[in-house]
Amino acid sequence: MKHIETSRTYFKWWKREDLPLARILWGDQEVTKYISANGRFNEQQILQRLETEIKNGEMYQIQYWPFYQKDTNELIGCCGLRPYDETTLELGFHLRPQYWNQGYATEVAKAVIDYAFDILQVPRVFAGHNPHNIISKKVLQKLNFTYIQDEYYAPTGLYHPSYELTKESRGNTMENNYYYQCGVIDAFNEIIRADVKQLALSHPTTKEDIEKVIPFTQEITQEYGTKYEVEEHLLITDLFPYSSNLGKTVILFWKNDEVIHKYHELKNRKQKALENNTYNEIREEIAREFGRLLSYSEESITKFIAENPEKETF
C-alpha cells in the first residue's frame, strides 16, 4: 500500500499481533450490529475477520486497513477495499462509536477511493450497506455513489442497497469537485455540531467554486444549527503553506459567535503588526492562536509550523 493519510488520520496494515485492536473494533456490538446476522462477533469471528484482512493484504495488497487519529494515535476504525469481481473492488468502513458523526467516514472513504482509482487504476468501486444503516447510506451519497440494486448479503441474511462509482463518473472533474466540496462541508458541520471543533474551513478553492456550493451550505448549516461566512482573504499564518491559501476562497463554519469574533480579531492583529513592522515578533504566536481556534492539539500545531516548507516572506 502506498501511504494513505488524511488531514486527521493515517492508515496501517493489519498484522496478527493486532488481535487486541481487532477485539476493540469488532468486539464492539455498536460496530458489528449491521454487519452480522445476530449483531455481534464472537471471539472466533473476530479472529477470522483479522485473518481475512491479513490474507487479502498478502494476496491482493488491499485490506479494510485500520486507521488512526493523528493527534492521539488512537484506533478510529477500519476503511478499505476487498475484491468484488475481476474488475471491481468493494469499499467498506467500520468506525468505533465514539468517532461517529465527526466526518471521519467520509474523510477516509474519499482517501481510499482516490487510492483505488489513482493508484490501483480500477474502473469501478462497489459499496453496499445494511438497509437499516442510514448513516452509511448518507456517506455513500456524499461520495457520489449511484444506487444500482438491492443485493443479498449472506453475513446478515438481508438484501443490502448496493451502489457503484465508476472511473468515468469520477472523471467529471467539475461535478466531482462539487460533490467532494459538499461532502467536506457536511463533514465539518457535523464536527462543529458535535463540539469536536470550534472553527472549521472548507477546502481552499476558487470563488466560483464556492459560489456553487452556497445553496448546499445554507441548507446544511440550517440543518446542523451552525453558521457560515465566505472568506475571500483567509488569515495566512505559518500553520499552512503560503501558496495553499493565497488567492483562494474558503467558507468558515462555527457555532459560537465568540469564535468568529476571535478569528477576525486575529486577522486585525496581524494586519496592525504588518503595518508596524512587528509581525515577525509575533508570527508564531498568531499561528498558534489560529491553530487553537481550529482545535488542533499543541503537538500538532508545533509539527505543522516546524514542517511548513513554504512560509510567508515580507
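This is a short tour of a predicted model, with stops at helix α10, the loop after it, and a pair of helices earlier in the chain.

**Stop 1: helix α10**

Start by selecting residues 257-275, which make up α10. This helix has 19 residues, and from its first C-alpha to its last it reaches 28 Å, close to the 27 Å expected at 1.5 Å a residue.

Now show side chains for Val-259, Ile-260, Tyr-263, Leu-266, Lys-270 and Ala-273, which are buried. Turn the view until you look down the axis of α10: the buried residues fall within an arc of 150 degrees, so they line one face of the helix. What do the buried residues of α10 pack against? Colour β8 (199-201), β9 (227-231), β10 (250-254) and α11 (279-293), and you have the elements they pack against.

Next, swing round to the other side of α10 and pick out Glu-265, Lys-272 and Glu-275, which are exposed.

**Stop 2: the N-terminal end of α10**

Select Asn-256 together with Glu-258. Asn-256 caps this end of the helix, with a side-chain oxygen 2.9 Å from the backbone nitrogen of Glu-258.

**Stop 3: Ala-273**

Travel along α10 to Ala-273, one of the residues in this helix. Is Ala-273 buried or exposed? Its relative accessible area is 4%, and because buried means under 20%, Ala-273 counts as buried. Leaving aside neighbours within four places in sequence, show what Ala-273 touches: Thr-278, Tyr-279 and Ile-282 are in contact with it. If you would like a long view, add His-3, which is 270 residues from Ala-273 in sequence and 40 Å away in space, C-alpha to C-alpha.

**Stop 4: Asn-277**

Step on to the loop between α10 and α11, where you will find Asn-277. Check its backbone here: Asn-277 follows α10 and has a positive phi, near 55 degrees. A surface view should help too, as Asn-277 is exposed, with a relative accessible area of 71%. For a distance label, try Ile-220: it is 57 residues from Asn-277 along the chain, and their C-alpha atoms are separated by 42 Å.

**Stop 5: α1 and α3**

Finally, select residues 19-26 for α1 and residues 43-60 for α3. Where their axes come within 10 Å, the two helices cross at roughly 115 degrees, and the crossing is right-handed. To see the contact itself, show Leu-19, Ala-22, Arg-23 and Trp-26 on α1. Facing them from α3 in this contact are Glu-43, Ile-46, Leu-47, Arg-49, Leu-50 and Glu-53.

Technical notes:
Residues numbered from 1 in each chain as written. Predicted model: local features only at pLDDT ≥ 70, side-chain atom pairs only at ≥ 80, totals over all residues. Heavy atoms only, no water. Helix = DSSP H or I, 4+ residues; strand = E, 2+ residues; numbered from the N terminus. Expected span 1.5 Å × (residues − 1). Buried < 20%, exposed > 50% of the residue type's maximum accessible area, 1.4 Å probe, protein only. Arc of directions from axis to C-beta. Contact = heavy atoms within 4.5 Å. Polar contact = N/O pair within 3.5 Å; in protein donor to acceptor, adjacent residues only side chain to side chain. Axes fitted to C-alpha atoms, helices over the stretch in contact; angles between N-to-C directions. Left-handed = near helix turned anticlockwise from the far one by under 90°.
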